Each structure stands twice: as C-alpha cells, then as structure tokens.
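Here are my notes on the model, as numbered points. Please read them with the structure open.

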Amino acid sequence: MAVWIEGGKLVDPVRNRVEEQDLLIEGERIVKILPTGVFSDTGPRLRKINARNRLVVPGLVDMHVHLREPGYEHKETIATGSLAGVAGGFTALACMPNTRPVNDRGTVTEFILGRAREVNLCRVYPIAAITRGQHGEIISDFNELRNAGAVGVSDDGQPVEKRELMQKAMELGRSLGLTVISHCEELSLSAGGVMHEGTVSSRLGLRGIPAASEEVMVQREISLAKETGFPVHIAHVSTAGSVEWIRRAKEEGIPVTAETAPHYFSLDHRAVEEYNTCAKMNPPLREPEDVEAVKKGLAEGVIDVIATDHAPHSQAEKSAAFEKAPFGIVGLETAVPLTLRLISEGILTWPEAVRKLSFNPATVLGVAGGVLREGVVADLVILDPEYSYVLKAEEMNSKSKNSPFLGWNLKGITVMTMVGGRIVWERSL
C-alpha cells in the first residue's frame, strides 16, 4: 500500500529548511515530495495520513545506546529497546559493546544483528569493543568485527588507557571504515567517584569525579588525532573544558567530532540532591556553568551530535544505596521533548536540532539516514511539537524506567515512526 503524508511541515536538516509539503511513499522509498495541495490521488491502495500542525522529520539516529542483550536481559532487550526507540522517534540505534559476553567477536555482532532482524522494528548498528573484553590490553580483531556487521568500535564504559593502543585503534578504524568512539575518563582521577566533584558532593558526603578526569582524556584523543590525522569521536561530553578543547581542535582542522546527551543540557549536579540514583550517571551531571557551555557548544556546532546514552537498569539495582547503584539512565523516549526545550530557548532551530539527531550521527557512523528527498528509503518520523504530557513510568516502553525526568511536564511527542516505508509505531492522541 502506498502512503500519502499530507500537510506536514517537512524539516530538512541538510538544506536547513522547514516547508509545508506532502510525501508520497511507495514500497520502501519516498517517490514524491510536493507542495501541499498539488497531489490529489485517493485510490483504494493509498493510505492518507493527515500531518497538519505536525512536523515530518528524517528518522532519528541514536549513536549511543545500551540494549543490554546478550547477558543483561533483566535490564533491557533488543526488542524492548527497539520499541522504546521507535516510540521516541528513532529509526536506527547504535548499540554499545558492554554486554555479556562483550561484543568483541564477530559471533556476538552477528547475534545482535540476528535478534534485531527478528524484532524487525528499527535498524540496529552494533558498536564493537576496541579491546578484548574491554580490558584495555589486547586490541580486538577489527576486520572480523567489520565483516560481521559492526560500524564502529568503543570500549564505552571504560577508557582505553594506553595511548599506543588507542592510536592503533584509530589507525585501524580509519583503514577499515569503522568509527572510533572514545569514552574519555582518566581513571586515576575518577576512581571511586560517584557524582561530580563540587559543592553538592561535599554537602552529601559523596566522593566526587572531577571535570579534569574527562578533560585530560579529551586532550589526549585530540592530540592523537592531530599527530596522526586519524579521526576520533568523543562520547558524552559533559564539561565546559571539554567543549573548549573540542572547539580549539575544530578551529585547527583536527578530525574530531563530539556528542552530548540530553541530560547534560537539561540537568546539573543539584539533581542528585536527596541521593537520587536516577540522576547518577558517568560522566556525572556537572555544574550549571557546564550545562551552559554544552548548550553553547551545540549552538555553535562544536558538538555535532545529540545521543541518548540510553542505559537501562532494573528498579532493584537503582534502589541500592547511592554509592552502590549503577551509573546510567534511560533516554530514548525523552530525547525529543528535551531537545525541543533547546528550540524553545532559541539555542537551536528545528533543522539544526534534527541535524544533530539524524544527519550528523548517520554521517559520523557512515550509515544511511538523516535526509528526506525523493528516491531515498523512507525512514521518517511525524512529531507533534505542541503535545504536552507528564512523563509516567507506566507509559514508557523501555523495560527499565530509571529516568530522572519522571513526573516532568514535557512538550513534544512522536506520533508515527516509519522504517523502510513500513509504519512500526503509531500513537493515538
């Protein structure tokens, strides 16, 4: 059946435009994009979707997700994570390797892709481990992982401490077309820390993680990229110092890209008051000044990508004492409304926001996506930017509900998600 999406405002992140247009989709592709009112066919095999007062955007691409399967299915599965993804407007998820077993071999990569095909909701792109077991000692077989279907490598959750090993990973990544993603953390500075080192950690009596623990490793990765010419992507940027180092690197033409997550521009370390474990993450929530620097970095294009770092944990795990509770929050279903706040504040336009949520992450990963034009595969999302609601745990699709935004009044929601011309999520409002 063909699909006609009528009257929506198309957000084009490439041409930087928002225009009221209609889309005609046949099979898996967009075959026509026309001004609203031009197309009028109403044949029996045509489904008409009224998108008036709504936005039609390229399918969002989240390049930093923890789907937990294999090994931690009590937290999340590829099925539940994919459902949360499409409910949040994401048509593609790049999943990190810290599973059990770690995705450091082709067989694990193939298992993940096989499960994703069975679930058949969104595109799943495995990110494999830089080192065997993520132990930072022996580099993984990048060629085997790429042939199995990995699109990038990272030891996310752990830094690659050995400089020469990271340099080798960057060299191999470039030669094989694998994106190298760095978790920037100096363990000698962060070891034992459970939140940002500052006034709140002192007041709560919790051991802190200084901003320098992130920044010194950001500096190292930039220096490697400068010396070698090999590109590197910096994950989950959280500090003003990191933003400044990345800004300088880009001004010098050093091949570095960077991402942040919605919690780093929506919350600061005061969210940990009352020992709220749903606000415990790594890197941690920082100072208000860091939040403003992250916002400025997004506005100026220093930070290329908004990724969720979706990290589900069970209620029992997050109910532990703050020092013992695991790091991480879920984020697939809150990324759009939190990013919408940046638009309402005038920090980003819609095309800029969508570029950071779709075109840029697809480009960094070297996968298709992030565009709406005739002839391309129809991965797209219809959003209602004005719909207001209170975030409730029982209405979330992720298997875990560890979100610091529960109870928040949010604005902006996914109405429909389409992958390859197939409607995989639809919400009645």
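1. Helices (H or I, at least four residues) and strands (E, at least two) are DSSP runs, numbered from the N terminus. The expected span of a helix is 1.5 Å times one less than its number of residues. This is a predicted model: local features need pLDDT of at least 70, side-chain atom pairs count only at pLDDT 80 or more, and totals for chains, interfaces and linings use all residues. Residues are numbered from 1 along each chain as its sequence is written, and side-chain values use heavy atoms, with hydrogens and water left out.

2. Helix H4 covers residues 163–176. Its 14 residues should span 20 Å, and the end C-alpha atoms are 20 Å apart, which agrees.

3. Which residues of H4 are buried (under 20% relative accessible area, 1.4 Å probe, protein chains only)? They are Leu-165, Met-166, Ala-169, Met-170, Gly-173 and Leu-176. Seen down the axis of H4, the buried residues fall within an arc of 145° (from the directions of the C-beta atoms from the axis), so they line one face of the helix. On the other side, Glu-164 and Ser-175 are exposed (over 50%).

4. The cover over the buried residues of H4 includes helices H3 (142–148) and H7 (212–228), and strands E10 (179–182) and E13 (232–234). Just after H4, Gly-177 has a positive phi of about 75°.

5. The protein as a whole has 13 helices and 18 strands. Of its 429 residues, 60% count as buried. Its C-alpha trace spans about 65 × 45 × 45 Å along the principal axes.

Methods:
Contact = heavy atoms within 4.5 Å.
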